[in-house]
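User: Please look at the structure shown below. I would then like to go through it in questions and answers.

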Amino acid sequence: MSAVPQPLAPLEAMGLLVYRNFLVYRRHWKLFVTGFLEPFFYLLSIGVGVGALIGGFDYAGHHVSYSAFVAPAMLATSAFNGALMDSTHNVFFKLKYDKLYDQMLATPLTPTDVARGEIVWGQARGGSYAAFFLLVMLAMGLVESWWALLALPAVLLIGFSFSAVCMAATTYMRSFQDFDKITLIQLPMFLFSATFFPVATYHGALRWVVECTPLYRAVVLCRELTLGSPGWESLVSVVYLLALGAAGLAVVRRRLERLLLT
């Protein structure tokens, strides 16, 4: 009589899924590398190029160059884009076309294991983009405080939050046409989350709406750390992103159970 397979420990199961994705991208490393370049080009074209015309302005009581103001926003965007790319298109293909998750459930893996593994991989992808960009900032002299050491755990938190939320949204998509809705949200959030100009530019209800968006919280957190001005808003951003990621993970778990087990 054959033994009944036992469920894997959570960390073991998560590690297996992350390792599986690593093996896939090791063969297609060029697709992975492209994510490093986009925020770097934005920094050169807008942060440095437009910054030569603007010069700089006061932020948190001291003068900063425009490129130093834009760079942490690109840092947060790196983590955002990396997590989004892996947790939307890639997850959708595995779920709807490749039926990879159905195959995984024929093993001791559970829908919860799948959710955790894919979210951690998306977090790792976004975090690796952001870590590379942080080195670029350091080389360009755009890191102005030792508080920037906390920027790496901050971008891992950002990657976790957006990976969980984007994967949750992907479980509701029925076709690739639905990804137009992702772009419809992604682009305005990128442009208007105090990425290229201070949030004080907005007034009234519009400013309140911007300050409630997740990318704004990510940008503020990275900016406060790299420019050496952390405060109570940093804690607000951490709690916000943790809660967002936890909510996304809870939705993904329920949705995968419904889609794969019924």
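User: In which loop is the place of Lys99?

Analyst: This is a predicted model, in which local features need pLDDT (the predictor's confidence in each residue, from 0 to 100) of at least 70, side-chain atom pairs count only at pLDDT 80 or more, and totals for chains, interfaces and linings use all residues. Residues are numbered from 1 along each chain as its sequence is written, and side-chain values use heavy atoms, with hydrogens and water left out. Helices (H or I, at least four residues) and strands (E, at least two) are DSSP runs numbered from the N terminus. On this numbering, Lys99 has its place in the loop between H3 and helix H4 (100–104).

User: What is the phi of Lys99, which is not a glycine?

Analyst: Most residues other than glycine have a negative phi. Lys99 counts as partly exposed because its relative accessibility is 42%, where buried means under 20% relative accessible area, exposed over 50%, and partly exposed in between (1.4 Å probe, protein chains only). Although Lys99 is not a glycine, its phi is positive, at about 55°.

User: Is Ala194 buried or exposed?

Analyst: Ala194 is found in the loop between helix H7 (179–192) and helix H8 (204–211). Although not a glycine, Ala194 has a positive phi of about 55°. Its relative accessible area is 2%, so Ala194 is buried.

User: With which residues is Phe197 in contact, leaving aside its neighbours within four places in sequence?

Analyst: Phe197 has its place in the loop between H7 and H8, and its relative accessibility of 28% makes it partly exposed. The C-alpha atoms of Phe197 and Ala76, 121 residues apart along the chain, are separated by 15 Å. With contact meaning heavy atoms within 4.5 Å, and with neighbours within four places left aside, the partners of Phe197 are Phe69, Leu191, Phe192 and Tyr202.

User: How many Å apart in space are Ile46 and Ala71, C-alpha to C-alpha?

Analyst: Ile46 lies in helix H2 and is partly exposed, because its relative accessible area is 23%. Not counting residues up to four places away in sequence, Ile46 touches Gly51, Tyr66 and Phe196. Ile46 and Ala71 are 25 residues apart in sequence, and their C-alpha to C-alpha separation in space is 9.8 Å.

User: Which element of the protein has the lowest mean pLDDT?

Analyst: The mean pLDDT of the protein is 86, and 97% of its residues reach 70 or more. Among the elements, the highest mean, 93, belongs to helix H9 (residues 214–226), and the lowest, 77, belongs to helix H2 (residues 29–54).

User: What pattern does the protein follow, read along the sequence?

Analyst: The protein has ten helices and two strands. Read along the sequence, these elements follow the pattern α-α-β-β-α-α-α-α-α-α-α-α.

User: What is the radius of gyration of the protein, with 262 residues?

Analyst: The radius of gyration is taken over C-alpha atoms, and the globule rule is 2.2 Å times the number of residues to the power 0.38. Along the principal axes, the C-alpha atoms fill a box of roughly 75 × 40 × 35 Å. With 262 residues, a compact globule would have a radius near 18 Å, so the protein agrees with that rule at 19 Å.

User: Which helix supplies the largest share of the largest nonpolar core?

Analyst: A nonpolar core is a set of buried Ala, Val, Leu, Ile, Met, Phe, Trp, Tyr and Cys residues joined through side-chain atoms within 4.5 Å. The largest such core has 63 residues, and those with the most contacts inside it are Leu75, Tyr101, Ile158, Phe162, Leu215 and Leu256. The largest share of this core, 16 residues, comes from helix H3 (residues 66–97).

User: How many residues has the other core, the one with Ala194 among them?

Analyst: In the largest core, Leu256 is one of the residues with the most contacts; not counting residues up to four places away in sequence, Leu256 touches Leu95, Pro111, Val114, Ala115, Met167, Thr171 and Leu261. Apart from the largest core lies another, which includes Ala194, Tyr202, Tyr216 and Val220, and its count of residues is six.

User: How many disulfides does the count come to?

Analyst: A disulfide is a pair of cysteine sulfur atoms within 2.5 Å. The closest cysteine sulfur to that of Cys166 is in Cys222, 16 Å away and therefore too far for a bond. Cys166 is buried because its relative accessibility is 8%, and Cys222 is buried because its relative accessibility is 0%. By this rule, the count of disulfides is zero.
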